[in-house]
Amino acid sequence: MNVKISDYGQDGEKYFIDYEVSGLTEEQLKYLHHELEEKTSIDESILTLTMYFSHKLYPFQSDVAKMRLEDFISREEIEMNVFLSSFLEDM
């Protein structure tokens, strides 16, 4: 499974991160699409997952994150990969 952040930012009062997840079987794609509570979509075997955050919990809002953005993006991608992997174990 590969997880990449495809977009992030602010949408009105909320902050968001879009993750693109590839390398999943069709069964895994359908399972995640139906079982995750977050907004999801599937396009050409890629699952797009959108997570919304308050300003306080948004991972890219700190001054350190702004200076080391690539590190924070990589960490978020790794954390989502671990979360989805553990979620798929329940499949």
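**View 1. Helices α1 and α3 cross roughly at right angles to each other in this predicted model, that is, they are roughly perpendicular.** The model is predicted. Helix α1 covers residues 26-35, and helix α3 covers residues 69-89. Their packing angle is about 100°, and the two axes lie 11 Å apart. Angles of 65 to 115 degrees count as roughly perpendicular, so α1 and α3 fall in that group. On the α1 side, the contact is made by Gln28, Tyr31, Leu32 and Glu35. On the α3 side, Leu84, Phe87 and Leu88 take part. Sorted by class, this contact has five nonpolar residues, one polar residue and one charged residue.

**View 2. Leucine 32 sits at the contact of the two helices.** Leucine 32 belongs to helix α1. Is leucine 32 buried or exposed? Its relative accessible area is 0%, so leucine 32 is buried. Leaving aside residues up to four places away in sequence, leucine 32 touches Leu24, Leu47, Leu84, Phe87 and Leu88. Leu84, Phe87 and Leu88 also appear on the α3 side of the helix contact. Serine 74 gives a second reference point: 42 residues separate it from leucine 32 in sequence. In space, the C-alpha atoms of leucine 32 and serine 74 are 22 Å apart.

**View 3. Four strands build an open sheet.** The strand order is β1-β2-β4-β3, and the pairing is antiparallel. Which strands form the edges? They are β1 (2-11) and β3 (39-43), and each pairs on one side only. On average, neighbouring strands of the sheet are turned by 20° against each other, with direction ignored.

**View 4. A hairpin joins β1 and β2.** The two strands pair in the antiparallel sense over nine bridges. One pair of bridge partners is lysine 4 and glutamate 20, the latter in β2. Two residues lie between the strands of the hairpin. In the turn, glycine 12 has a positive phi of about 70°.

**View 5. Strands β3 and β4 pair with five bridges.** Strand β4 spans residues 46-53, and its pairing with β3 is antiparallel. Threonine 40 stands opposite leucine 49 in β4.

**View 6. Both helices meet the sheet.** Helix α1 lies across β3 and β4. The direction of α1 runs at about 155° to β3. Helix α3 packs on the sheet as well, touching β1, β2 (14-22) and β4. The direction of α3 makes about 115° with that of β1. Strand β4 is thus named for both helices: α1 lies across it, and α3 touches it.

**View 7. Lysine 30 and glutamate 26 form a salt bridge within helix α1.** Their closest N and O atoms are 3.1 Å apart. The two residues are four residues apart, about one turn of the helix. How accessible is lysine 30? Lysine 30 is partly exposed, with a relative accessible area of 45%. Glutamate 26 is exposed, at 57%. The salt bridge count for the model comes to four.

**View 8. Arg75, Glu76 and Glu79 are linked in a network of salt bridges.** Arginine 75 forms a salt bridge with glutamate 76, and the closest N and O atoms are 3.5 Å apart. The side chains of arginine 75 and glutamate 79 also meet in a salt bridge, at 3.4 Å from N to O. Glutamate 79 and arginine 75 both lie in helix α3, four residues apart, about one turn of the helix. Which accessibility class does each residue fall into? Glutamate 76 is buried, with a relative accessible area of 8%. Arginine 75 counts as partly exposed, at 34% relative accessibility. Glutamate 79 is partly exposed too, at 42%.

**View 9. Phenylalanine 72 is a buried residue of helix α3.** The cut-off for buried is under 20% relative accessible area. Phenylalanine 72 has 14% relative accessibility, so it counts as buried. What does phenylalanine 72 touch? Not counting residues up to four places away in sequence, its contacts are Pro59, Phe60, Ser62, Val64 and Ala65. Phenylalanine 60 is twelve residues away from phenylalanine 72 in sequence. Their C-alpha atoms are 7.1 Å apart in space.

Definitions and conventions:
Residues numbered from 1 in each chain as written. Predicted model: local features only at pLDDT ≥ 70, side-chain atom pairs only at ≥ 80, totals over all residues. Heavy atoms only, no water. Axes fitted to C-alpha atoms, helices over the stretch in contact; angles between N-to-C directions. Parallel < 35°, antiparallel > 145°, perpendicular 65-115°, else oblique. Contact = heavy atoms within 4.5 Å. Nonpolar A, V, L, I, M, F, W, Y, C, P; charged D, E, K, R; others polar. Pairing = 2+ DSSP bridges. Buried < 20%, exposed > 50% of the residue type's maximum accessible area, 1.4 Å probe, protein only.
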